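Visitor: I have a structure open in front of me and would like to learn how to read it, step by step. Could you guide me through it?

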Amino acid sequence: MSAYLISQGTVKDPERMQAYRAAVVPLIAKFEGRYIVRRGKVEVLEGQHDGRSVTIHEFPSIEAIHAFWESPEYASIKDLRLGAADLDLWAVEGV
């Protein structure tokens, strides 16, 4: 069952985030993940949106998200992201 890694946030240090993106994109692919939304425009149909950008990655399973998230490779680049952006991150199982 597919699962989704969803992030919503605000970039505070664009240079560090660019370095993080350059390192994380191939790593996401290594764990069979792919971008399906990358800082896409949010159109509110009902309720409200706080204006932060949204990114969604699709993985083959929730286990694949955990394998990526807990991998030594990700641990080595996670520090690039920390402090460079204020993010909320969620893992959600699909149907």
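Visitor: Which pattern does the chain follow when it is read along the sequence?

Guide: Please keep in mind that this is a predicted model. Read along the sequence, the chain runs β-α-β-β-α-α-β, and in total it holds 3 helices and 4 strands. The radius of gyration is 13 Å, close to the 12 Å that the globule rule gives for 95 residues, so the chain is as compact as a globular protein of that length.

Visitor: What share of the contacts in the chain with a separation of 6 or more comes from residues 24 or more positions apart?

Guide: Here one compares position in the sequence with contact in space, and in this chain residues 24 or more positions apart account for 77% of those contacts.

Visitor: How many of the 95 residues, as a percentage, are buried?

Guide: A residue is called buried when its relative accessible area is under 20%, and buried residues make up 34% of this chain.

Visitor: Which residues of helix α2 are buried?

Guide: In helix α2, which spans residues 62-69, the buried residues are Ile-62, Ala-64, Ile-65 and Phe-68. These residues cover an arc of only 160° around the axis, which means that they lie on the same side of α2.

Visitor: What covers the buried residues of α2?

Guide: Their cover includes the strands β1 (3-11), β3 (53-59) and β4 (85-93), together with the helices α1 (14-30) and α3 (72-81).

Visitor: How many positive and negative side chains does the chain have?

Guide: There are 11 positive and 14 negative side chains, and the centres of the two sets lie 6 Å apart.

How values were computed: Residues numbered from 1 in each chain as written. Predicted model: local features only at pLDDT ≥ 70, side-chain atom pairs only at ≥ 80, totals over all residues. Heavy atoms only, no water. Helix = DSSP H or I, 4+ residues; strand = E, 2+ residues; numbered from the N terminus. Rg over C-alpha atoms; globule rule 2.2 N^0.38 Å. Buried < 20%, exposed > 50% of the residue type's maximum accessible area, 1.4 Å probe, protein only. Contact = heavy atoms within 4.5 Å. Lys, Arg positive; Asp, Glu negative; His and termini not counted. Charge placed at Lys NZ, Arg CZ, Asp CG, Glu CD. Arc of directions from axis to C-beta.
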